[in-house]
Amino acid sequence: MVDNNYSNLTIVFQSAGRISNALFDKILNNEASMEDIKKAHEKYTWFNFSKDTYSDYYFIEDFYSKSYGWYMFNEGNNIIKEVNESLTELIGSKNYVTVTAYGSSKGGTAVYCLV
């Protein structure tokens, strides 16, 4: 969360991280740890936008499952309701007036399906 103390919130759904062939093989063989998967998503491709002075920013990584759940699944379980409840709580906590959500690739799928 980047809190610039504004009444506007921009939610950014991270696109799929770039994973190495070695990590891909580990995922397919069920040998990848959650830490391995999370590490592949640590760098936000849109983070520089948070330097503007018009909005607070909330960056979301998708490392919920070893199969990349597209923000909707966690190891085969539907998590859409939980993700939406968390976002609703965040938005209500600061009484944001305007909320904008965006993402590219997998993040774009999340914007379409979740908000």
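## Order of the elements

Reading from the N terminus, this predicted model runs β-α-α-β-β-β-α-β-α. That gives four helices and five strands, taken as DSSP runs numbered from the N terminus (helices: H or I, at least four residues; strands: E, at least two).

Residues are numbered from 1 along each chain as its sequence is written. In this predicted model, local features need pLDDT of at least 70 and side-chain atom pairs count only at pLDDT 80 or more, while totals for chains, interfaces and linings use all residues; side-chain values use heavy atoms, with hydrogens and water left out.

## The cores

Of the 115 residues, 32% are buried (under 20% relative accessible area, 1.4 Å probe, protein chains only). The largest nonpolar core (buried Ala, Val, Leu, Ile, Met, Phe, Trp, Tyr and Cys joined through side-chain atoms within 4.5 Å) has 14 residues, and I11, F13, I60, Y71, L87 and L114 touch the most other members. At least two residues of this core come from each of β1 (8–13), α3 (80–93) and α4 (106–114). Another core, of five residues, lies apart from it, with L23, I27, I37 and A40 among them.

## Aromatic pairs

Rings of Phe, Tyr and Trp (its six-membered ring) pair if their centres lie within 6.5 Å; planes under 30 degrees apart are stacked, over 60 edge-to-face, the rest tilted. That rule finds two pairs here. F13 and Y71 sit edge-to-face, 5.1 Å centre to centre with 85° between the planes. F13 is in strand β1 and Y71 in the loop between β2 (56–60) and β3 (73–74), so the pair ties together parts 58 residues apart in sequence.

Y57 and F59 are stacked, at 6.1 Å and 20°.

Methods
Buried means under 20% relative accessible area, exposed over 50%, partly exposed in between (1.4 Å probe, protein chains only).
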